[in-house]
Amino acid sequence: MSMNAAQQTMHFENVVRQEWTNTVTVNAWDRWSAQQAVHCQPLTDRLIEHAQLRNGLKVLDLACGVGEPSLSIARRVGPSGSVIATDLSEGMLGVAAKNAADAGLSNIVFKTADAHQLPFADRAFDRVVSRLGLMYFWNIEKAIAEIHRVLKPGGVASFVVWGAAENNEYFGTILAPFMQRREMPTPPDDAPTPTRFGDTAKLIALFRQAGFSEVHSQEYREVLPWPGTPRELYSHFYDVAAPLQPYIDSFDVQVQAEVLDEIEQAFGRCWDGTHTNAAASFNAIYLKK
Ligand SMILES: C[S@@+](CC[C@H](N)C(=O)[O-])C[C@H]1O[C@@H](n2cnc3c(N)ncnc32)[C@H](O)[C@@H]1O
């Protein structure tokens, strides 16, 4: 029996909540958080560039995970500014709070919040940001309406999402050997997958309809410097990419071992002795209310 639209949305919500609140995923994000901050720094840099930050601004980070870009933004807005870092996963927020304390940052407040129902007043923020969060919002229209509501007039929002898988050496190198053996099932429209907004046309149209005065989207293809070996890059990818685990787990253990050897060999071209430097495609979306 096929699901109607409301059932489909509810199903996506359950999947997302399960993926990002389970202890195995939260522990993996904790374990890899230092390396991941380095790896995804180019995404943070672009997000910050388009957010037009300055001292004293009040910034809302949606789906902050274990703390980036909140920590980088807290440094950028200085002690007179503040970051409200939110996520639906209390486990992720706990790790983020620990990372902020370790970094000596006191201008970040952590709050559990679902992006579809933000516990904040209208026009409360100068900026709203999210790095690699929008793809998982199961009712993107509703989340966009909330972003619009909590932004001050003239305020700026800045987001980064993964680009299309086919332009992505990082994802492609890992997934190609699996996909040569068996295609990944095509997800239904609007399914909360990492590359859901590889094409940003629909997202851009929704932001325009929500009443933002300026809406921009720009694709980047940049090297992400993973501070470790190709094998560690794969282990990290598997551990943190909760939505892709069911596909990878569907292969026999022996096939997974074979694939890992192939991935390691393929990433050899990216290994410089300290870092594995594979290029990734990502989209920056930035808006003005
Ligand atoms: C790929 S992680 C990104 C985390 C972090 N922003 C980063 O770039 O490393 C996705 C995050 O989105 C959060 N998330 C998913 N749906 C959400 C929602 N509706 N409201 C708030 N957070 C959500 C998850 O709990 C998870 O921490």
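The following exchange considers how several descriptions of this predicted model are justified.

Me: What makes strand 3 and strand 6 the edges of the sheet?

Reply: The sheet is open, and its 7 strands follow the order 3-2-1-4-5-7-6 with mixed pairing. Strand 3 (108-112) and strand 6 (214-226) each have a single partner strand, so one side of each is left without a neighbour in the sheet. On average, neighbouring strands are turned by 20 degrees against each other, direction ignored.

Me: Why are strand 5 and strand 7 called paired?

Reply: Pairing requires at least two bridges between two strands. Strand 5 (residues 151-162) and strand 7 (residues 276-288) are joined by 7 bridges, so they satisfy this requirement. The two strands run antiparallel, and Trp162 stands opposite Phe282 in strand 7.

Me: Which strands does helix 6 touch where it packs on the sheet?

Reply: Helix 6 (residues 140-150) touches strand 1 (58-61), strand 4 (125-131) and strand 5. The direction of helix 6 makes about 140 degrees with that of strand 5. Helix 7 (residues 169-181) also packs on the sheet, touching strand 6 and strand 7.

Me: Why is helix 4 described as largely enclosed by the rest of the structure?

Reply: A residue counts as buried if 20 or more other C-beta atoms lie within 10 Å of its own. In helix 4 (residues 70-77), 6 of the 8 residues are buried, so the helix is largely enclosed. These buried residues are Ser70, Leu71, Ser72, Ile73, Ala74 and Val77. Their cover includes helix 3 (41-51), strand 2 (82-87) and helix 5 (90-102).

How values were computed:
Residues are numbered from 1 along each chain as its sequence is written. This is a predicted model: local features need pLDDT of at least 70, side-chain atom pairs count only at pLDDT 80 or more; totals for chains, interfaces and linings use all residues. Helices (H or I, at least four residues) and strands (E, at least two) are DSSP runs, numbered from the N terminus. Axes are lines fitted to C-alpha atoms, for helices over the stretch in contact, and angles run from 0 to 180 degrees between N-to-C directions. Two residues are in contact if their C-beta atoms, placed from the backbone, lie within 7 Å. A residue is buried if 20 or more other C-beta atoms lie within 10 Å of its own, exposed if 12 or fewer, and partly exposed in between; C-beta atoms are placed from the backbone.
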